[in-house]
Amino acid sequence: MMMGNMELDWQVCSRARLSRDARFDGKFFIGVVTSRVYCRSICPAPTAKEKNVRYYPSAAAAAEAGFRPCLRCRPECSPGTPAWLGTSNTVSRALRLIDESALDDGGIEGLAERLGVGSRHLRRLFLRHLGATPSAVAHTRRLHFAKKLIDETTLPMNEVALASGFGCVRRFNAAIRKVYHRTPTHIRRLVRQKVVQPENQYLFRLRFRSPYDWQGMLAFLAPRATPGVEAVENGVYRRSISLNGSDGYFEVALDQNDSALVARVQFGDPRSLFFITERIRAMFDLNADWVTIVRALRTDPVLVGPVEARRGLRVPGCWNGFELTTRAILGQQVTVKGATVLAGRLVNTFGRRFSAANGLTHLFPEPEVLAKAKLTSIGLPRARAETIQTLARAVSSGELSFDRIVDSEEFLTQLTQISGIGKWTAQYVAMRALREPDAFPSGDLGLLRALNLKNSRDLEQRADAWRPWRAYAAMYLWHTATEHAAHGSRPLSSTKMSLTRSTSQPGVSVAV
Ligand SMILES: [Zn+2]
């Protein structure tokens, strides 16, 4: 059943296709020779005969083979490609960069250079794992996003063209007609949009592979929500955002029936929509393949209960790496609640005012501002203030960048050179900002307690069996510890320390 290496097993594909198995949605695509259309595994259209069917490891590969996207199952709506570890790190990294629009500036040569490989080698890797070249993959991503904007928003077509990276309307029209045999306007007429959306507001449905533990996601995010910038209420997460000189916000809720999160984005510049929706996908870990992940975790008896109790648990990502790291530093040596109070003060004192309805009052302060701010004025210990300031200076000078990180190891080494950022903080950043599924803060006191272990070396040994999904194991253990604490059984409260205590004890931290 392993499809991780993308060398497709047609028997598995065939079974998944015939049963319309949603777990395989986005892991392969079906080309139907008779109609020249390609579909998701869940397509509701009548099932084609096996002899008329071809299987492809990516939408781009099906497109390259001359198939058009199906208008019924809409391949552009399938959950993204799961991260495959151990197969090709280069391909996973390249896909991450393409999601951040890396192919727009520099093309395949630029992309290969960033990854430190030759462009020919990169092409070969893509063909082997995805069945399509990097530029075909990027082109399909753009086209799919354009289709989503046509179907799901009322954005004028010239702006759809710009937002999906086509540059001009003529190229956009030509590309859509070539692929769909219809004009963009015709496609939009086919979809009956029920609600009229306010100006600059866009509603997206972002699919995931079921199950998804939305309650678990909110239970983690709610106590950590920075007052004024983020809010969690009535099953909805919302936050303010600032990007390329524009401000806005988004809110996300669950649509269980549709295996999707519904994201409502309020933002003035539609050119940023691709980035925003991709970032939301990453933030809520929508590409994860939970069923595959827990297969490894279930082998440890300590995780069996937690895995059953929280089906579909994800690792929460973040909107902005600098913000998350700042937040992690604020949380050193204090409780989650204490860290949230400090974050609220930081935002209130140094953040830009933002006036949306729904309780969002500020934007998280920019690195340029925190680099010069008097951070001790909010009651922060001097050492912590200096760490944040050093981080802010490094980011605002461009010396350290959370964007387009190619090599996580290298980045984390650079990060830990900042005095006050230890291994725990770095691993926490790797989990949530770099989206490394195997990141693991082995010095975490909560994790040590949950397993009754004394030091990080023992914990690392124990965690070896959970590779390459240790971040998910950490989430499970944190959730369990929080629930135990809430029921008074295994209190984590002994890790509480006063807000002003400044003695540095690396390794003594709880999830911030
Ligand atoms: Zn279809």
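User: Which helix does Gln 461 lie in?
Analyst: Happy to start there. This is a predicted model, in which local features need pLDDT of at least 70 and side-chain atom pairs count only at pLDDT 80 or more, while totals for chains, interfaces and linings use all residues. Residues are numbered from 1 along each chain as its sequence is written, and side-chain values use heavy atoms, leaving out hydrogens and water. With helices (H or I, at least four residues) and strands (E, at least two) taken as DSSP runs numbered from the N terminus, the home of Gln 461 is helix H21.

User: Is Gln 461 buried or exposed?
Analyst: The cut-offs are under 20% relative accessible area for buried and over 50% for exposed, with partly exposed in between (1.4 Å probe, protein chains only). Gln 461 has a relative accessible area of 62%, so it counts as exposed.

User: How many Å separate the C-alpha atoms of Gln 461 and Ser 442?
Analyst: Along the chain, these two residues are 19 residues apart. In space, the separation of their C-alpha atoms is 9.7 Å.

User: What is the omega of the peptide bond from Arg 467 to Pro 468?
Analyst: Let's stay with H21, which spans 456-463. Pro 468 sits in the loop between H21 and helix H22 (470-486). Most peptide bonds are trans. The bond from Arg 467 to Pro 468 is cis, with omega near 0°.

User: Which residue does a cis peptide bond join to Ser 210?
Analyst: Look in the loop between strand E5 and helix H10 (214-224). The cis bond there has an omega of about -5°, and the partner of Ser 210 is Pro 211.

User: Why is strand E5 largely enclosed by the rest of the structure?
Analyst: E5 covers residues 201-207. It is largely enclosed because, of its seven residues, the number that are buried is six.

User: Which residue of strand E9 is the bridge partner of Phe 204?
Analyst: Two strands pair if DSSP finds at least two bridges between them. E5 and E9 (residues 260-267) run antiparallel and are joined by seven bridges. In E9, the partner of Phe 204 is Ala 263.

User: What is the order of the strands in the open sheet of four strands?
Analyst: The pairing in this sheet is mixed. Its edge strands, each pairing on one side only, are E3 (53-56) and E4 (68-69). Strand E2 (residues 37-39) pairs with E4 in the parallel sense over two bridges. The full order is E3-E1-E2-E4.

User: Which residue in E4 is the bridge partner of Tyr 38?
Analyst: We are still with E2 and E4, the parallel pair. Within E4, the partner of Tyr 38 is Pro 69.

User: What is the phi of Arg 20?
Analyst: Most residues other than glycine have a negative phi. Arg 20 lies in the loop between helix H1 (10-18) and strand E1 (29-32), and counts as partly exposed at 33% relative accessibility. Although not a glycine, Arg 20 has a positive phi of about 50°.

User: What is the relative accessibility of His 181?
Analyst: His 181 is in the loop between helix H8 (169-180) and helix H9 (184-190). Its phi is positive, near 55°. His 181 counts as exposed, since its relative accessibility is 55%.

User: How many residues of the protein, in percent, count as buried?
Analyst: The protein has 22 helices and 11 strands. Its C-alpha trace spans about 70 × 50 × 45 Å along the principal axes. Of its 512 residues, the buried share is 56%.
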